[in-house]
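Student: I'm new to this structure and would like a close look at one cysteine. Could you start there and then show me what surrounds it in the overall picture?

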Amino acid sequence: MNKDIAILGVGMHPWGKWGRNFVEYGVVAARAALADAGVNWRDVQFVSGAATMRNGYPGYVAGATFAQALGWQGAQVNTSYAACASGSQALAAARSKILSGECEVALVIGADTTPKGFLAPQKGERPDDPDWVRFRVGITNPTYFALYARRRMALYGDTQDDFALVKVKNAEHGFDNPNARYRKKFSAQDVAASAMVADPLRLMDICATSDGAAALIVSSLDYARRIGKKDAPRVAAISTVTPTFATDTVEMPDLATDSAVAAEPLRFRAALPRKAYEEAGIGPEDVSLAEVYDLSTALELDWMEDLQFCARGEAARLVREGVTRIGGRLPVNPSGGLACFGEAVPAQALAQVCELTWQLRGQSGSRQVQGAKVGITANQGLFGHGSSVIVKR
Amino acid sequence: MDAPVKTPVLEGWFTLDEREPHLLGACCSACGTYYFPKAIKFCRHPDCAGETFEEVKLSRTGRIWSYTNAAYKPPEPYISNDPFVPYGIAAVELEKERMIVLGQVASGVGVEALKVGMQVELILESLDDGKLTWKWKPLAENKP
């Protein structure tokens with residue numbers, strides 16, 4: 001049985017720090033996706049929302065919130081929460097509905113309004129919550145990114161200049177992207193002159209948090225054929241696997257890894273694309289482009305290795321050689337990535353799929369990756385969540 | 001006059017022996033897997049049904065797996081003086097427990113004094129609010 005579903009339409013609300021209600025962004029993205037798909041809102045049978053944790057009850061029931069804002073029309077609803085992978089889980093829920101025959105066409109949607117500054121835990125004295133505990137002893141999100149970055153420097157000889165090259169590349173990629181928040185080119189000197197946040201990472205090595213929204217209209221292949229979109233890009237894999245005990249990397253928000261006394265230490269990030277490749281029946285050699293979660297510049301290098309684009313320790317060399325630039329053999333983050341967007345948690349994994357869709361349709365303008373046929377996403381968030389989605393044409 | 005008794009930032013996370021402190025962990029009686037923090041009721045090894053745990057003192061020395069610092073004042077619930085003084089942070093690999101544990105680095109030790117693979121020991125120091133926490137401090141004699 002073919003397990004692909006079609007991506008009929010995609011839409012986004014530009015990323016920024018707009019300070020408005022997340023529902024507003026979501027409706028803009030949904031209407032754009034519907035128009036792009038040529039599908040009437042009344043025909044959508046399933047609304048799969050990615051939840052936001054920072055916008056009260058409407059955020060917890062995002063699927064229903066967006067369905068009401070678009071006008072109740074009797075569709076079935078679902079809301080998924082999986083930290084940074086929320087969008088992918090919402091997409092997986094839609095795929096299950098479609099493949100089981102319970103619906104033919106679905107809206108998948110995520111939107112967020114974010115506070116200023118460091119992401120902080122909920123208030124109160126809560127020693128049982130690992131997220132509260134690590135902040136209590138002074139461990140913030142950049143701490144983890146910096147530990148991974150320093151580890152690369154010690155193990156592979158990567159330098160801060162290598163990390164800066166990732167920022168320079170992504171800033172170039174996102175320069176013309178109308179949905180990106182930061183559209184400015186930077187030099188390696190600009191990166192080196194920005195303030196140190198968590199040694200060896202500077203302000204410009206670390207992504208911001210943003211407001212934004214992304215939406216997809218997905219359907220069965222049969223439905224796509226019937227409305228004249230048989231060549232629409234397809235979702236060929238959605239991996240949302242958990243880590244496997246024992247995790248070898250200290251992951252946010254934990255203060256310790258698993259103990260590997262009774263089980264081999266394993267890397268979570270590498271497991272995510274591995275499952276996606278397996279599901280799609282393709283390998284890293286088939287990939288034309290990738291959208292990866294560059295929470296930090298150095299993390300993009302880790303992802304390249306986790307996606308098996310090169311051996312461990314080789315990623316910085318590929319960046320230096322221009323392989324991952326648009327025009328190179330394997331462009332990474334042609335959208336500009338989180339470096340140009342900033343993170344809007346429930347929308348981000350869907351924004352990655354939007355970019356792959358535009359690229360595979362050849363509609364990316366100045367950031368077009370020529371001949372793009374297969375794209376892969378990778379992301380990871382708190383509490384064992386992550387995802388990898390493969391889109392092909 | 002007796003010195004005032006210091007309270008730990010987290011109750012039961014480490015011993016209050018200021019000379020040779022230990023982090024307090026748990027060890028599964030069935031499979032030997034260690035846990036930190038120690039609050040665990042059911043073993044998380046997928047093939048282990050263990051439900052009894054022994055409280056154990058974790059190794060108080062290890063090697064730096066990676067390190068960084070906090071150059072900016074973290075948000076609440078972290079409490080710090082004004083002006084904020086940056087502090088180091090180390091991820092330390094404990095050989096016996098085969099796990100990596102995070103912690104601040106002893107005050108006055110900057111990132112330039114740290115190296116991956118360096119041997120460190122556990123010490124107790126006060127945070128800016130006076131509460132005791134565990135920190136990692138490079139050993140005077142470091143064996144490669």
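Is C207(A) buried or exposed, and what is its relative accessible area?

Tutor: Good place to start! This is a predicted model, in which local features need pLDDT of at least 70 and side-chain atom pairs count only at pLDDT 80 or more, while totals for chains, interfaces and linings use all residues. Residues are numbered from 1 along each chain as its sequence is written, chains are lettered from A and ligands numbered from 1 in the order in which they are written, and side-chain values use heavy atoms, with hydrogens and water left out.

C207(A) is buried, at 16% relative accessible area; buried means under 20%, exposed over 50%, and partly exposed in between, using a 1.4 Å probe and protein chains only. There are zero disulfides over all chains, a disulfide being a pair of cysteine sulfur atoms within 2.5 Å. C207(A) accordingly has no such partner: the nearest cysteine sulfur belongs to C84(A), 8.8 Å away. For C43(B), also in no disulfide, the nearest cysteine sulfur is that of C31(B), at 3.7 Å. C43(B) is buried too, with a relative accessible area of 10%.

Now step back to the chain that holds C207(A). Chain A contains 14 helices and 11 strands; these are DSSP runs, helices being H or I of at least four residues and strands E of at least two, numbered from the N terminus. Its C-alpha trace spans about 55 × 50 × 45 Å along the principal axes, and 63% of its 393 residues count as buried. The radius of gyration of chain A is 20 Å, which agrees with the value near 21 Å for a compact globule of 393 residues; that rule is 2.2 Å times the number of residues to the power 0.38, and the radius is taken over C-alpha atoms.

Chain B reads β-β-β-β-β-β-β-β along its sequence, with eight strands and zero helices. Its C-alpha trace spans about 50 × 40 × 35 Å, and 51% of its 144 residues count as buried.

What fills the inside? The largest nonpolar core has 97 residues, and F309(A), I390(A), L23(B), F36(B), W134(B) and W136(B) have the most contacts inside it. Helix α6 (residues 141–156) of chain A gives the most to this core, seven residues. A second, separate core has 36 residues, including L91(A) and W358(A). Such a core is a set of buried Ala, Val, Leu, Ile, Met, Phe, Trp, Tyr and Cys residues joined through side-chain atoms within 4.5 Å.

Charged pairs complete the tour. There are 33 salt bridges over all chains, each a side-chain nitrogen of Lys or Arg within 4 Å of a carboxyl oxygen of Asp or Glu. E279(A) and R95(A) meet in one of them, 2.8 Å from N to O. E279(A) sits in helix α10 (residues 268–280) of chain A and R95(A) in helix α4 (residues 86–99) of chain A, so this pair ties together parts 184 residues apart in sequence. E279(A) is partly exposed, at 30% relative accessible area, while R95(A) is buried, at 13%.

Another salt bridge joins E305(A) to R152(A), with the closest N and O atoms 2.7 Å apart. E305(A) lies in helix α11 (residues 297–306) of chain A and R152(A) in helix α6 of chain A, so the pair links parts 153 residues apart in sequence. E305(A) and R152(A) are both buried.
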